[in-house]
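This report walks through a single protein chain for someone meeting it for the first time. Please look over the sequence and the model below before reading on.

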Amino acid sequence: MNRIRFTKWFVLYALLISVVVSSCQKDESVKDMETAKPATAADSTALGIINNPGNFLAGKGTLKVTIEDSTYTFDAATDSIAFINVHNGDNKYFGITAINKAHTMSFGISSEGFASANINSKVAGSQFLFTVDEKKPLLQYTLTKFVGKDDSGKITIDKYNKDNMIAKGTFFTFLAKDDKENSPFYRVEGSFELQLK
């Protein structure tokens, strides 16, 4: 049980590193997707993660996340949105990770296995962080383990890695503000349509 929990946090950490690296690339005005390389974590080798082909930094498109009656949109034209495939030993994951240009909001969601078109895969990890205001600087939602054994949510990919399309699909999961058994959890729904340029 602890190994599974460690693996999920490890994957989320790897996703977060990819977002930070890709965000820095956006901040440095890396706009030409023809010459840009797929997003990879700079220190992934030190973490023991092998980056596979199929890691992309979106140049166009959106990621929308709805939680507690509010919808948050990441726009690849200004924000950093990466679609990644990672494997750590025998564990294989894919996911979407995003951070806004102001670095005040980030979201990540992952699933076990490899990404492909027309799949419906169980959510393995998810986290949503954002700055609220100066008095309460960080609000964090994480995947809750108390919704039920097989109720962590699903990622559905309709289109994947064809022509200019990186990925298009939807997801839902359940996130909580803390990891206590009686804490309220919230259904999170979203959609993504990510393109290279």
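Over the ring of which residue does the charged end of Arg187 sit? The ring is that of Phe172, and the charged end of Arg187 lies 4.2 Å from its centre. The model is a predicted one, and every value in this report is to be read in that light.

## Overall build

The protein chain contains two helices and 12 strands, and, read along the sequence, both helices come before the strands, in the pattern α-α-β-β-β-β-β-β-β-β-β-β-β-β. Of its 197 residues, 47% are buried, while the accessible surface amounts to about 10500 Å², with 52% of that surface belonging to carbon and sulfur atoms.

Contacts across the sequence are also part of the picture: when the contacts between residues at least 6 apart in sequence are considered, 56% of them join residues at least 24 apart.

## Aromatic rings

The structure holds 13 aromatic pairs, among them the pair of Phe83 and Tyr160. The centres of these two rings are 5.4 Å apart and their planes meet at 45°, so the pair counts as tilted, given that tilted pairs are those with planes neither under 30 degrees nor over 60 degrees apart. Phe83 belongs to strand β5 (residues 80-88) and Tyr160 to strand β10 (residues 153-162), which makes this a link between distant parts of the chain, 77 residues apart. Both Phe83 and Tyr160 are buried.

Phe128 and Tyr141 make a stacked pair instead, with 6.3 Å from centre to centre and 25° between the planes. Because Phe128 lies in strand β8 (residues 119-130) and Tyr141 in strand β9 (residues 139-143), the pair ties together parts that are 13 residues apart in sequence. Phe128 is buried with a relative accessible area of 0%, and Tyr141 is likewise buried, at 3%. Phe128 and Tyr141 also belong to one aromatic cluster, whose other members are Tyr72, Phe107, Phe130, Phe171, Tyr186 and Phe192.

## Charged side chains

Side chains of opposite charge can pair when their charged atoms come close. A search of the whole structure finds two salt bridges. In one of them, Lys177 is joined to Glu68, with 3.8 Å between the closest N and O atoms. Lys177 is in the loop between β11 (165-176) and β12 (185-195), whereas Glu68 is in the loop between β3 (60-67) and β4 (70-75), so this pair ties together parts that are 109 residues apart in sequence. Lys177 is partly exposed, at 41% relative accessibility, and Glu68 is partly exposed too, with a relative accessible area of 35%.

The other salt bridge is formed by Arg187 and Glu189, whose closest N and O atoms are 2.7 Å apart. Arg187, whose charged end sits over the ring of Phe172, counts as partly exposed at 41% relative accessibility, and Glu189 counts as partly exposed at 41%.

## Surroundings of Ser121

Is Ser121 buried or exposed? With a relative accessible area of 13%, Ser121 is buried, since the cut-off for a buried residue is under 20%. Ser121 lies in strand β8, and its side chain reaches the backbone oxygen of Glu112 at 3.5 Å.

Leaving aside residues up to four places away in sequence, Ser121 touches Phe94, Ser111, Glu112, Gly153, Lys154 and Ile155. Glu112 therefore appears both among these contacts and as the residue whose backbone oxygen the side chain of Ser121 reaches.

How values were computed. Residues are numbered from 1 along each chain as its sequence is written. This is a predicted model: local features need pLDDT of at least 70, side-chain atom pairs count only at pLDDT 80 or more; totals for chains, interfaces and linings use all residues. Side-chain values use heavy atoms; hydrogens and water are left out. Rings of Phe, Tyr and Trp (its six-membered ring) pair if their centres lie within 6.5 Å; planes under 30 degrees apart count as stacked, over 60 as edge-to-face and the rest as tilted. Helices (H or I, at least four residues) and strands (E, at least two) are DSSP runs, numbered from the N terminus. Buried means under 20% relative accessible area, exposed over 50%, partly exposed in between (1.4 Å probe, protein chains only). A charge sits over a ring if NZ of Lys or CZ of Arg is within 6 Å of the ring centre and within 35 degrees of the ring normal. A salt bridge is a side-chain nitrogen of Lys or Arg within 4 Å of a carboxyl oxygen of Asp or Glu. Contact means heavy atoms within 4.5 Å. Accessible areas come from the Shrake-Rupley method with a 1.4 Å probe; for residues, only the protein chains shown count as cover. A polar contact is a pair of N or O atoms within 3.5 Å; within protein, one must be able to donate a hydrogen and the other to accept it, and residues adjacent in sequence count only if both atoms are side-chain atoms.
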